[in-house]
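Trainee: Please pick one part of this model and take me through it closely. Then place that part in the rest of the chain.

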Amino acid sequence: MALDPGTILVLLAIVAGIIVLAILLTFVPVMLWISALAAGVKIGIFTLIGMRLRRVIPSRIINPLIKARKAGIDVGINQLESHYLAGGNVDRVVNALIAAHRANIELTFERCAAIDLAGRNVLEAVQMSVNPKVIETPFIAGVAMNGIEVKAKARITVRANIERLVGGAGEETIIARVGEGIVSTIGSSDHHKKVLENPDLISQTVLAKGLDAGTAFEILSIDIADVDIGKNIGAELQTEQAEADKKIAQAKAEERRAMAVASEQEMKARVQEMRAKVVEAEADVPLAMAEALRTGNIGVMDYMNFKNIESDTDMRGSIGKMTTDKKDQQKPE
């Protein structure tokens, strides 16, 4: 059955209308606009279209706006959109404003947006202002004056300081400062037993130093959770010092021994040198005797008397040596 041209035009118009309506509903968040009107938030349809053109997801702006208006917080759509374009989390900022409003904490949108853009979780900060957080430190070791190591673990109760969240130091700084206070308190104690008897002395000393200055927190209390005894550092240091002194003494003794050995070898060399000179001198005696006989300075009888005296001297030396050997053999071992 052939359709007349008028029917075909009507069908084409209907199809075109459906296509245009689908594109319109896709580009223009009509349902979101209706939801805003139903919630009492007046917003123009062209405002939503402008968000699309600015590459802003309308639901990321309208839903937090509805939430804020229902909670009685006066924020503008331009504020939320500018914060979104700056890279902030609009929903978290609105939740933080609502939480601060319910807890009677004075917090403006500009301050809240600045905290969020600084990289801090502003909602968590507001919640921490209402419900303080407990930070537990690891075991921190200090050495008392008597050389005993004392380990302490602390629990720090902190509350977020909204005014110092931008530019204030974080939890790591709090833990480092408390650790420094614990070490200095233990180190200034005369005896480790004083720390064990009064662990609250550490808390009082650390709290008195005002460690939360320049941080994003306010320290409410510092409680010592556990105290333990570690090594005897003083004894270990003394042992290591004694071992080092021993090695130094051994090195000096070895040096003296080496010098003594060298001196002994030198003396032996000198003795050998002297003996060589004696032998050389003794070799000159027969020559001198022969020269004296040849020149007539001594006679034959004089020479014979000299030989008798020499033999007698050798005999006396042999007898003395035998007597000495017998005495050595008779000595009890």
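Mentor: Start with the lining of the largest pocket: four nonpolar, two polar and four charged residues. Here Ala, Val, Leu, Ile, Met, Phe, Trp, Tyr, Cys and Pro count as nonpolar, Asp, Glu, Lys and Arg as charged, and the others, Gly among them, as polar. This is a predicted model, where local features need pLDDT of at least 70, side-chain atom pairs need 80 or more, and totals for chains, interfaces and linings use all residues. Numbering runs from 1 along each chain as its sequence is written, and side-chain values use heavy atoms, without hydrogens or water.

Now put names to the lining. Arg 120, Asn 121, Glu 124, Ala 125 and Met 128 are among its residues. Lys 133, Leu 165, Gly 170, Glu 171 and Phe 217 line the pocket too. (A pocket is an open set of 1 Å grid points where a 1.4 Å probe fits, with protein on both sides within 12 Å along at least five of seven lines; lining residues have an atom within 4 Å of a point.) The charged residues are Arg 120, Glu 124, Lys 133 and Glu 171. Asn 121 and Gly 170 are the polar ones. The nonpolar ones are Ala 125, Met 128, Leu 165 and Phe 217. About 170 Å³ of space lies in this pocket.

Which helix gives the largest share of the lining? Helix H8, residues 122-130, supplies three residues. (Helices are DSSP runs of H or I, at least four residues, numbered from the N terminus.) Glu 124, Ala 125 and Met 128 are those three. An α-helix has 3.6 residues a turn, so residues three or four places apart point the same way.

Move on to helix H9, residues 171-187. Glu 171 of the pocket lining lies in H9. Ala 176 sits in H9 as well. Its relative accessibility is 48%, so Ala 176 counts as partly exposed (buried is under 20%, exposed over 50%, partly exposed in between). Ala 176 lies 9.1 Å from Thr 137, C-alpha to C-alpha, with their positions 39 residues apart in sequence.

Helix H7 holds Ala 114. Ala 114 is partly exposed because its relative accessibility is 34%. Its C-alpha is 7.5 Å from that of Val 166, though the two are 52 residues apart along the chain.

Next, two loops. Asn 104 lies between H6 and H7. Its phi is positive, near 60°, although Asn 104 is not a glycine. Asn 104 has a relative accessible area of 73%, so it is exposed. Arg 55 lies in the loop between helix H3 and helix H4. Arg 55 also has a positive phi, about 60°. At 76% relative accessible area, Arg 55 is exposed.

Now helix H12, residues 233-295. H12 has 63 residues and reaches 92 Å from first C-alpha to last, close to the expected 93 Å. Its buried residues are Gly 234, Met 289 and Ala 292. Gly 296 follows H12, with a positive phi near 85°. UniProt, in an unreviewed entry, annotates residues 234-284 as "coiled-coil region". That span is 100% helix, and its end C-alpha atoms are 75 Å apart.

Finish with confidence. Mean pLDDT (the predictor's confidence in each residue, from 0 to 100) is 81 for the chain, and 92% of residues reach 70 or more. Helix H6 has the highest mean, 89, and helix H1 the lowest, 68. Where pLDDT is low, the predicted coordinates should not be read in detail.

Conventions:
UniProt positions are given in the numbering used here, feature names are shortened, and annotations may be inferred rather than shown by experiment. Grid points are joined across faces, edges and corners, and a volume is the space filled by probe spheres set on the points. The expected span of a helix is 1.5 Å times one less than its number of residues. Buried means under 20% relative accessible area, exposed over 50%, partly exposed in between (1.4 Å probe, protein chains only).
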